[in-house]
Amino acid sequence: MQVSHVTPQLMRTVLGHFCSGITVITTMSDGGPIGFTCQSFGSLSLDPPLVMFSPGRSSTTWPRIRDVGTFAINVLAAHHDGLSNGFAVSGADKFAGVKWSPGSLGAPILDDVVAWAECRLWAEYDGGDHTIVAAEVLDLQANSQDRPLLYFRGAYHLPHPHDNNHTGRQ
Ligand SMILES: Cc1cc2nc3c(=O)[nH]c(=O)nc-3n(C[C@H](O)[C@H](O)[C@H](O)COP(=O)(O)O)c2cc1C
């Protein structure tokens, strides 16, 4: 149900001001590797170790990943804008020309990603025209040498080269 003036377009425009990284979520299906681009990703819980993301109801790839039950979340690097666009095309041969290697669960870890997490489906909740997936992290690794691909107001951005300060929580 539409609430007053809050249209999908207004949601997209205003909430596009929230800057994020970009992930590609992958798994190995019976028919080969599959995956889709996903911006709506975040850390959820430290103990147990959980992350979350939101597949759209119209995604054809998420139900196939759900059926496998395990998957990898690949955090894209600054030069991966082509990968981000490629993994967003429904029905395409998304892995054509893409370099990857299998993680310990068999899910594709894409080459040169800044971080990856191997996960198992924990729970899935209603999220309107999306669903909310909570996933248990079984293994994860970061390559802190590379810079991430950023997404802001519907466009890709690179991190500012002088942003070298670390203020991360321990
Ligand atoms: C930058 C970017 C961010 C995206 N973020 C999401 C997202 O958070 N959730 C989602 O379901 N789809 C997202 N998409 C769209 C999906 O990648 C796309 O709908 C999906 O890959 C369609 O293919 P499929 O039918 O194989 O799932 C995003 C696409 C792009 C280009």
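**Salt bridges**

Start with the charged side chains: this predicted model has three salt bridges in the whole structure. Select Arg 57 and Asp 126 to see one of them, with nitrogen and oxygen 2.5 Å apart. Arg 57 sits in the loop between strand 5 and helix 2, while Asp 126 belongs to strand 9, so this pair ties together parts that are 69 residues apart in sequence. Switch on a surface and you'll find Arg 57 partly exposed at 47% relative accessibility, and Asp 126 exposed at 62%.

Stay with strand 9 and helix 2, and pick Glu 124 and Arg 66. Their side chains form a salt bridge too, at 2.9 Å from N to O. Glu 124 is in strand 9 and Arg 66 in helix 2, so you are looking at a link between parts 58 residues apart. Both ends are partly exposed: Glu 124 has a relative accessible area of 28%, and Arg 66 comes in at 32%.

Now select Arg 120 and Glu 136, whose side chains meet at 3.1 Å, N to O. Here strand 9 supplies the arginine and strand 10 the glutamate, so parts 16 residues apart in sequence are tied together. How exposed or buried are Arg 120 and Glu 136? Arg 120 is partly exposed at 39%, but Glu 136 counts as buried at 18%. As background, side chains of opposite charge can pair when their charged atoms come close.

**Into the core**

Next, hide the charged residues and show Ile 25, Phe 53, Phe 71 and Cys 119. These four touch the most other members of the largest nonpolar core, which has 15 residues. Colour by secondary structure and look at who contributes: strand 3 (32–38), strand 5 (50–53), helix 2 (61–68), strand 6 (70–75), strand 9 (115–127) and strand 10 (130–142) each give at least two residues to this core. In general, nonpolar side chains of soluble globular proteins tend to be buried together.

Centre on Ile 25 and show what surrounds it. Beyond its neighbours within four places in sequence, Ile 25 has contacts that include Ile 34, Phe 36, Cys 38, Phe 53, Ile 65 and Phe 71. There is also a second, separate core of 14 residues; Val 24, Leu 83, Phe 87 and Val 113 are among them.

For a look around some of those residues, click on Leu 76, in the loop between strand 6 and helix 3 (81–86). Leu 76 is buried, with a relative accessible area of 0%. Leaving out residues within four places in sequence, its contacts include Val 24, Leu 83, Val 113, Pro 148 and Leu 149. Try a distance from Leu 76 to Val 24: their C-alpha atoms are 7.2 Å apart, although 52 residues separate the two along the chain.

Over in helix 2, select Thr 61. Thr 61 is buried as well, at 6%, and, not counting residues up to four places away in sequence, it touches Ile 34, Gly 35, Phe 36 and Lys 94.

**Cysteines**

How many disulfides does the whole structure have? Zero. Select Cys 19 and you'll see that the nearest cysteine sulfur belongs to Cys 38, 15 Å away. Cys 19 is partly exposed, at 37% relative accessibility. For Cys 38, the nearest cysteine sulfur is that of Cys 119, at 12 Å, and Cys 38 itself is buried, with a relative accessible area of 3%.

**Backbone oddities**

Most residues other than glycine have a negative phi, and most peptide bonds are trans. Zoom to Asp 47 and Pro 48 for a cis peptide bond, with omega about 5°; Pro 48 is in the loop between strand 4 (41–45) and strand 5.

Then go to Asp 112, in the loop between strand 8 (108–110) and strand 9. Its phi is positive, near 65°, and the residue is partly exposed at 49%. Arg 153 has a positive phi too, of about 50°. Arg 153 is exposed, at 57%, and lies in the loop between strand 11 (150–152) and strand 12 (155–157).

**Last stop: an open sheet**

Those two strands, 11 and 12, run antiparallel and are joined by three bridges. Select Phe 152 and Ala 155 to see bridge partners, with Ala 155 in strand 12. Zoom out and add strand 1: the open sheet has three strands in the order 1-11-12, with antiparallel pairing. Strand 1 (20–21) and strand 12 are the edges, each pairing on one side only.

Key:
Residues are numbered from 1 along each chain as its sequence is written. This is a predicted model: local features need pLDDT of at least 70, side-chain atom pairs count only at pLDDT 80 or more; totals for chains, interfaces and linings use all residues. Side-chain values use heavy atoms; hydrogens and water are left out. A nonpolar core is a set of buried Ala, Val, Leu, Ile, Met, Phe, Trp, Tyr and Cys residues joined through side-chain atoms within 4.5 Å. Buried means under 20% relative accessible area, exposed over 50%, partly exposed in between (1.4 Å probe, protein chains only). Helices (H or I, at least four residues) and strands (E, at least two) are DSSP runs, numbered from the N terminus. Contact means heavy atoms within 4.5 Å. A disulfide is a pair of cysteine sulfur atoms within 2.5 Å. Two strands pair if DSSP finds at least two bridges between them. A salt bridge is a side-chain nitrogen of Lys or Arg within 4 Å of a carboxyl oxygen of Asp or Glu.
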